[in-house]
Structure formats: C-alpha cells, structure tokens
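Please find below a short note on the model, as numbered points. The points cover salt bridges and one helix.

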Amino acid sequence: MSDKKATLTFSDTGKSVDLDILSGTEGPDTVDITSLYGQAKVFTYDPGFVSTASCDSAITYIDGNAGVLRYRGYPIEQLAAKSTFIEVAYLLVYGELPTAVQLADFKEIITNHTMINDSLLRFFQGFHNNAHPMAMMVGVVGSLSAFYHDSIDISDPRHREISAHRLIAKIPTIAAACYKHNVGEPVIYPKNSLNYTGNLLRMMFATPCEEYEVDPLAERAMDLLFILHADHEQNASTSTVRLAGSSGANPFACIAAGTASLWGPAHGGANEAVLDMLEQIGGVKNIDTYLAKAKDKYDPFRLMGFGHRVYKNYDPRAKIIREVCYQVLEKLADSNNPLFELAMRLEEIASKDEYFLEKKLYPNVDFYSGIIYRALGIPDSMFTVMFAIARTAGWVSHWMEMLDDPRHRIGRPRQLYQGAGKRDYVPLDAR
Ligand code: SDX
C-alpha cells in the first residue's frame, strides 16, 4: 500500500477508482493498476509500452531526457573509463562491484565454462555456410538446454547461477563458431590464459596454421563496446527474456528468445543496418536526399542508428563510442575512414535539421559501433552477434532478478479486442 494515490474517475458513470502511486529510488512514479480490472472491469491500453513499467528492477537506470545510464548506480561513463566487461558482468549479476578475490574467482568460473560440448559443434554442419550468424545463434543457444539440463531447475538459485555463468561463458564460443562456419575455417577452442574479449578475438581470427597474437587495442575497444552494450533496462530483447522466463522456460530457451528479438533492425540489428545505410548513401553529397527520405512518412527509409524510445537526448553510449571510434581509426591509420567521415557529417547535418530536433532523434548506441567493429575486422553480419554476447550479461541478470522475486507471476497481457462480434458458422455451400 502507498500513501500516495491517484484517482481515476469515469465520465460516463461518475465512478472513481483509487490507485496506489509507487515510487522508486530514481525516475518517474508509477500508478499501480494491478487492481484496476478487479475494481473497474477496464484494462489500460499501451501497445508499445510507452508509459508502462513491466516490473520492478534494481539493475539499470536510464534518464532519457538527461542522457543518463547507470548500471547498479554506477554511471556508464565511469564504468567505460575504469572497468572491464567481465567486472561489469559481475556487477550486473550480483549488484555490487567485486573485490579482487571475487573478481578473480568470477573470471576463473567464466573461463572454465567457455568450452561447449563437442556434439554441439555438429549443429553447424547442418547450416548453409552463408547462414546469417544470428540465425545460427538463435538455434544453437536454444539447443544448450539439450546439453546442460543438469542445471535448469529454475526454482534452484544455484542452478540459476550456474546457468547464468554458462551462458556468459559459452555465448562467445558459439558466436566465434558461427563466424568460423561462415568463413569455412575450423573452430578455434577457447584459450584459458586469455581475457574474455581477447579469447573471443582469438576464437574468431586465429587459425591452426599459426600463433595468433591478440591486439591489445582491439581487445580494449571490444571490451569497451561490450561494457556499453551489456544492459539497458527493459528494452525489447530483455523484456522478451523476462516474458519467456515468467512461464518457467529454461534459461537457454529464454536467452535464445532474447537473441531472436535483438536481431530486429529496430533493435540490435540496427548496427548492421547503419553500415548498409551509410553505403547506400554513398557520400556526403547524397545526405540531403536521404534525410528527405527519412522525413517522408510514405517512405519506409529511416535513418538507422538514430532515435530511441527512451533517449530524447544524445545516447550517452553513442558519445563514448564516437570518441573510441575516432581513437581506433586513428590508431589503425584509418582516421580518414570514408564511412566514419560520412557518419560524422550525417550526424552534424541531422543535428541541425528541424525534423530531427523536433522529434528528438539523436544518434544511438548503434550509430557508430558498426564502424568500430568493421575496423576490427568483424564482418557486418556479426555486429548483432557482438551485441548479443554483451547483452547476455544483462539478460541473465534480469532473468535472475525476476526469478529471485517471490512475487513474480507469468506475464500475460490482455488486449483491446477489435475483431468480429459473435456470429454463427456458415456451411461451405452457403458461403
Ligand atoms: C537499440 O530500447 C532500448 O533500450 C534499445 C537499445 C538497447 O540498448 O537495448 O538502446 C538498443 O535498439 C537502439 C535503437 C536502434 N534502432 C535504430 O537505430 C533503428 C532506427 N530507429 C527507429 O526505428 C526508432 O527511432 C526506434 C525504434 C529506435 C524508436 O522507435 P519509437 O520510440 O517507437 O519511435 P517511433 O517509431 O514512434 O518514432 C517517433 C517519430 C515517428 O514520426 P511520427 O510518426 O511521429 O511522425 O519519429 C520518427 C518516426 O517516423 N522516427 C524516425 C526515426 N526514428 C523515429 N524518423 C526517421 N529516422 C528514424 N531513425
């Protein structure tokens, strides 16, 4: 119960319903409508969840107007500058920054779970070698429950923790195997002496023919990108993981569902779509033509990497990635990379355009990330896979948080029915 209330009054009947106002530690209050249908036999209507909080959470806080993003209270700018992805994964899962011992133990646990069952590798022989890696990811991640059923009793907190560790550890190995299948090279097994992102780079780019040296710049750039992509509150893919998990589905199936949702170009698939768009625009001289298309309601073209449901200010992650982009390209002696130049000009022109200003459309996390991934030699088709690797830390954290809450129930939204009223069956010869 809350001492703050909201009263909903119906103009047709004059009936009023009192609803509790719930306040969090940060952000907007919420009107608790749990009892609304019971009291007034009406539903609320919010198809895109623009004004709807689907859960309580203590993991990530976003202030879209102020451009604020914090994981467990720590500003993303500080984590990007001072932390590592594996430490951020610990923070998201356990809620606190680890001590040196906790971090070392967590690293060892994750490292020792990086191998996948060898039979799982046979799945890849069933895919065409030009299969999109996200298609392979959805299939292979979902199949993990066929191998690791010794820890999928979701009512057992220890099983939930082991599954979370396995997912964080094995997703890069599966991702690298997807890439190797695409390029027709043998799978490279994890190397326990390497860090999380260094291991991924080696599993992707090493061959059995020679030693592979991890480039520390590439390792740090990827680690930073993974920190920035690790979690983002109740976005579409995280909400998918929560909804799938609310039915008691096993963790591997839930993360496969989240991976499928992330693939969409409106969500995690945007990083790949941005590069396609930049190549479609081709050069600065065509920017105005494409901006006009983006503003034309009847033209399906959208400025990929722009706009956000929550950020009505610059996405703080985009700011950090833009700087890293510049540093990586400069170090790779590619600072006049035409795509980066085009991206910066596009951002500059769009940032002065009335339409984008009025609709508060700013670059988001996906606008620059693809340029860095490409500079690191990652093919476009693997960009969303990179996003999925990083976001697995967030997905498993939300999945655990939901199941740790004894109040959790199966998610079962209602609807505003717009279909036909009751009517009788018409026999075929009478139609
Ligand atoms: C991610 O939710 C998260 O947190 C996601 C994410 C995470 O970390 O999990 O941040 C990662 O998904 C980032 C977003 C990546 N997607 C893209 O870059 C694709 C391009 N962006 C758009 O598709 C769109 O901006 C969304 C999907 C990101 C947001 O969609 P909304 O909030 O539903 O907004 P909308 O589609 O209702 O647009 C509002 C208006 C519309 O015009 P009107 O109908 O009001 O006239 O803005 C226009 C849109 O047409 N608009 C755009 C635009 N985005 C919105 N117009 C041109 N180009 C765009 N990119």
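1. The model is predicted. I begin with a pair of charged residues: Asp-424 and Lys-422 are both exposed. Their side chains meet in a salt bridge, with an N to O distance of 3.5 Å.

2. For the structure as a whole, a search gives 21 salt bridges. Among the residues involved, Asp-56, Asp-405 and Arg-407 are linked in a network. The general background is that side chains of opposite charge can pair when their charged atoms come close.

3. Arg-242 and Glu-401 form another salt bridge, and the closest N and O atoms of this pair are 2.5 Å apart. Arg-242 belongs to helix 10 (residues 236–246) and Glu-401 to helix 18, so the salt bridge ties together parts that are 159 residues apart in sequence.

4. Are the two partners of that pair buried or exposed? Arg-242 has a relative accessibility of 8% and therefore counts as buried. Glu-401 is buried because its relative accessible area is 18%, the cut-off for buried being under 20%.

5. A salt bridge within one helix is formed by Glu-161 and Arg-158, whose closest N and O atoms lie 2.7 Å apart. Both residues are in helix 7 (residues 157–183), and because they are 3 residues apart, about one helical turn separates them. An α-helix has 3.6 residues a turn, so residues three or four places apart point the same way. Arg-158 counts as partly exposed because its relative accessibility is 45%.

6. Turning to helix 12 (residues 270–281), does its length agree or disagree with the expected span? With 12 residues at 1.5 Å a residue, the helix should span 16 Å. Its end C-alpha atoms are 16 Å apart, which agrees.

7. Helix 12 is mostly covered, with 9 of its 12 residues buried. The buried set consists of Ala-270, Asn-271, Glu-272, Ala-273, Val-274, Leu-275, Met-277, Leu-278 and Ile-281.

8. Which helices do the buried residues of helix 12 pack against? The partners are helix 13 (287–295), helix 15 (338–350), helix 17 (366–375) and helix 18 (383–404). Helix 18 also holds Glu-401, the salt-bridge partner of Arg-242.

9. One backbone detail concerns the residue after helix 12. Gly-282 follows this helix, and its phi is positive, near 80 degrees.

Methods:
Residues numbered from 1 in each chain as written. Predicted model: local features only at pLDDT ≥ 70, side-chain atom pairs only at ≥ 80, totals over all residues. Heavy atoms only, no water. Helix = DSSP H or I, 4+ residues; strand = E, 2+ residues; numbered from the N terminus. Expected span 1.5 Å × (residues − 1). Buried < 20%, exposed > 50% of the residue type's maximum accessible area, 1.4 Å probe, protein only. Contact = heavy atoms within 4.5 Å. Salt bridge = Lys/Arg side-chain N within 4 Å of Asp/Glu carboxyl O.
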